[in-house]
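Me: I would like to learn how to read a few features of a fold, taking them one at a time. Could we go through the example below together?

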Amino acid sequence: MYLILFGSPGVGKGTQAKILSNILKIPHISTGDILRDSVKNQTELGLQAKKLMDAGELVPDDLMISLIKETLSKPECVNGCILDGFPRTIAQAVELNRLFSELKISNVVLLHLTANNDEIVRRLTNRRACKQCGNIFNLNDIKEPNVCPVCNATDSLILRKDDKEDVIRHRLEIFDKLTSPVFDYYREHAKTIQINGLLPIEEVNNLILASLKN
Ligand SMILES: [Zn+2]
């Protein structure tokens, strides 16, 4: 099964991907990892991508599709994979669909982890990072105020710029505008599943597995 993981920032895609990868025995492939690996291994496509990224440019869709094609053709993906971070636009969805038909892949499911934007903002603004050890915590898990629960550093807990409310709201807006139409596209081109991603982790996972069985 080729599972496309879809959902706004902060909805818990990474967490579910890890659990599903273990249960379904298919690799979790994030486009970020594909890029990093291809650059690290200095593949031809990786070198092209590196040149663009070094120049501060985005990796274009056709290059990203070629990188995904390379990955999907590997033996570990022969039974499927969990794709995370792609497609983010309709154009990318159309290209990916074309790639799936080229590779004769038909067992594609789009899993949309839905979330209420206000709830995501509430969760993410509750995060604190330790500038000493780099760990990230929820405010509720910090017992002594201003003390890092891992390295015990004092006054080292900060609200990261990425976790500030206006930054989060802006990212969510972009997601809604660009990415939501992708879901509508998939409704016509693949099986789609929608699960509330803000339920407890285990419950989300059980609901996903139950839907996949149907
Ligand atoms: Zn710390």
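Me: Since this is a predicted model, I would like to begin with the strands: in what order do the three strands of the open sheet lie, and is the pairing parallel or antiparallel?
Reply: To read a sheet, one follows the pairing from strand to strand. Here the order is E6-E5-E7, and the three strands, which form an open sheet, pair in the antiparallel sense. Strand E6 (136-138) and strand E7 (157-158) are the edge strands, each pairing on one side only.

Me: How many bridges join strand E5 to E7, and which residue of E7 is the bridge partner of Cys130?
Reply: Strand E5, residues 127-130, is joined to E7 over two bridges, in the antiparallel sense. The bridge partner of Cys130 is Leu157, in E7.

Me: Where is Asp141 found, and does this residue count as buried or exposed?
Reply: For burial one counts the C-beta atoms around a residue, and 12 or fewer within 10 Å make it exposed. Asp141, which lies in the loop between E6 and E7, has 9 C-beta neighbours inside 10 Å and therefore counts as exposed. Its C-alpha atom is separated by 9.8 Å from that of Arg127, a residue 14 positions away along the chain.

Me: Turning to helices, at roughly what angle do the axes of H2 and H3 cross, and why are these two helices described as roughly perpendicular or roughly parallel?
Reply: One compares the directions of the two axes, and angles of 65 to 115 degrees count as roughly perpendicular. The axes of helix H2 (residues 31-40) and helix H3 (residues 44-54) come within 7 Å and cross at roughly 105 degrees, so the two are roughly perpendicular to each other. On the H2 side the contact is made by Leu35, Ser38 and Val39, and on the H3 side by Leu45, Gly46, Ala49 and Lys50. By class, this contact has four nonpolar residues, two polar and one charged.

Me: How many helices and strands are there in the protein, and what radius of gyration does the protein have?
Reply: The protein has eight helices and eight strands. Its radius of gyration is 19 Å, which agrees with the value near 17 Å for a compact globule, because that is what 214 residues would give. Along its principal axes, the C-alpha trace spans about 55 × 45 × 35 Å.

Me: What percentage of the residues is buried, and what share of the contacts with a separation of 6 or more comes from residues 24 or more positions apart?
Reply: Buried residues make up 23% of the 214 residues, while residues 24 or more positions apart account for 69% of those contacts.

Note on methods:
Residues numbered from 1 in each chain as written. Predicted model: local features only at pLDDT ≥ 70, side-chain atom pairs only at ≥ 80, totals over all residues. Axes fitted to C-alpha atoms, helices over the stretch in contact; angles between N-to-C directions. Helix = DSSP H or I, 4+ residues; strand = E, 2+ residues; numbered from the N terminus. Parallel < 35°, antiparallel > 145°, perpendicular 65-115°, else oblique. Contact = placed C-beta atoms within 7 Å. Nonpolar A, V, L, I, M, F, W, Y, C, P; charged D, E, K, R; others polar. Pairing = 2+ DSSP bridges. Buried ≥ 20, exposed ≤ 12 C-beta atoms within 10 Å, placed from the backbone. Rg over C-alpha atoms; globule rule 2.2 N^0.38 Å.
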